[in-house]
Amino acid sequence: MKNKLRTVFLKQECMTRSVFICLGLVALIGAIVILCDGYKGAYLGPSAIIASYSFIVDIVFAYLAVSSLGREFQNRTINMIRVSSLSGREVILRKLLSFLVLSIVAATILVLELAFYKYSVQHVDFPLWDYIRGIYIDFLLYGAFIYMISSLLVLFVKNTLTAFVTAYFGVTGMTFFTLYLASLGDTMTKLMTYVPFSFMRAVFTSGQGFFNLREAFVLFVWTLVLLLFMPTIYEKRAFV
C-alpha cells in the first residue's frame, strides 16, 4: 500500500507523459517568441514572452489540476485512497504540494528563457531579477488557486473533461461577471477587488506586470479558505 501511495502522489503527479508534454509545449511557445524577436526590426521584449507563455500555462494549469484528482476517479483508485491511512486533508495537501512543484518548474522554464533572451539575444535590456521574483510568486499563487478551484469541480462532477471545460471557461465567465458587478457602483467596485476572478487572469496573462500586494493577499486568502473546506467536501464526494 505504501508503494502504491507513493506512485499516486509522486509519479502520477510529477512524472507523467502529460506533464512532460505540457511543459514541453509551454517551453516551445516561449522559444518561438524569442526566435521571432527582431523579425523585420520589431523587438517584442520580455512582456511578449511572458504573455504568450502565461497564456498557455493558464490552460495547462487547468488541465493538470483537474487531471490530478480526475484520474483517480477515472481509474477508480480514489476508492483505494479512501480506505488508506491518509486523511482527506493529507490527500489534498500532498496533491497541492505536488502541483506547486510543477508550478515552480513551469516558472523556472520561463525564467531560463528570459535569461537566455537577456544575455544571448540582447535586443532589449530589462531588470531580470525583478522579473524572477514576480514570476515565481505569481505562478505559485495562481497555480494554487487554480488547483483548488479545479479540484473542487472534479469532486462534484467526477469527470476530467467536464471539470476542465468548466474550470477554464468558468473562470472566464466569472471574470466578465465580476467586471459587470464592478460597474454597478463604487461600493461594488471596491468589493470586487477582493474577488480573485476580477483580476487574476488579466494580470497573470498580460505580461505587463505582476500581482500587487493586495492581489497576492486576496489570492492567498481565497486559496487558504478553499483548502480549509476541501477535506470536508472530499470526505463526502471522493468515491465512485
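# Reading aromatic pairs and helix α7

Q: In this predicted model, how should I read the relative accessibility of Y131: does Y131 count as buried or exposed, and why?

A: A residue is called buried when its relative accessible area is under 20%. Y131 has a relative accessibility of 18%, and therefore counts as buried.

Q: And how does F210 count, and why?

A: Partly exposed is the class between under 20% and over 50%. F210, at 30% relative accessibility, therefore falls into the partly exposed class.

Q: How many aromatic pairs are there, and why is the pair of Y131 and F210 described as it is?

A: Two rings pair if their centres lie within 6.5 Å, and planes over 60 degrees apart make the pair edge-to-face. By this rule there are 14 aromatic pairs. For Y131 and F210 the ring centres are 5.8 Å apart and the planes stand at 90°, so this pair is edge-to-face. Y131 belongs to helix α6 while F210 lies in the loop between α9 and α10 (213–237), so that the pair links distant parts of the chain, 79 residues apart.

Q: Which parts of the chain does the pair of F145 and F197 link, and what is its geometry?

A: The rings of F145 and F197 are 5.7 Å apart centre to centre, with 65° between the planes, and the pair is edge-to-face. F145 is in helix α6 and F197 in the loop between α8 and α9, distant parts of the chain that are 52 residues apart. Both F145 and F197 are buried.

Q: Which residues do ring pairs link into a cluster, and where do R201 and R214 sit?

A: Ring pairs join Y53, F61, F99, F139, Y142, Y147 and F204 into a cluster. R201 lies over the face of Y168, 4.5 Å from the ring centre, and the charged end of R214 sits over the ring of F199, at 5.9 Å from its centre.

Q: How should I read the length and course of α7?

A: Helix α7 spans residues 160–182, which is 23 residues, and covers 32 Å between its first and last C-alpha, close to the 33 Å expected at 1.5 Å a residue. The helix has a kink of about 30°, centred on G170. At the start of α7, a side-chain oxygen of N159 comes to within 3.2 Å of the backbone nitrogen of L161.

Q: Which residues of α7 are buried, and what do they pack against?

A: The buried residues of α7 include F164, Y168, V171 and L181. The buried residues of this helix pack against α3 (46–74), α6 (128–157), α8 (186–192) and α9 (200–204). Y168, one of those buried residues, is also the residue whose ring face R201 lies over.

Methods:
Residues are numbered from 1 along each chain as its sequence is written. This is a predicted model: local features need pLDDT of at least 70, side-chain atom pairs count only at pLDDT 80 or more; totals for chains, interfaces and linings use all residues. Side-chain values use heavy atoms; hydrogens and water are left out. Helices (H or I, at least four residues) and strands (E, at least two) are DSSP runs, numbered from the N terminus. The expected span of a helix is 1.5 Å times one less than its number of residues. The bend at a residue is the angle between axes fitted to the seven residues ending there and the seven starting there. Buried means under 20% relative accessible area, exposed over 50%, partly exposed in between (1.4 Å probe, protein chains only). Contact means heavy atoms within 4.5 Å. A polar contact is a pair of N or O atoms within 3.5 Å; within protein, one must be able to donate a hydrogen and the other to accept it, and residues adjacent in sequence count only if both atoms are side-chain atoms. Rings of Phe, Tyr and Trp (its six-membered ring) pair if their centres lie within 6.5 Å; planes under 30 degrees apart count as stacked, over 60 as edge-to-face and the rest as tilted. A charge sits over a ring if NZ of Lys or CZ of Arg is within 6 Å of the ring centre and within 35 degrees of the ring normal.
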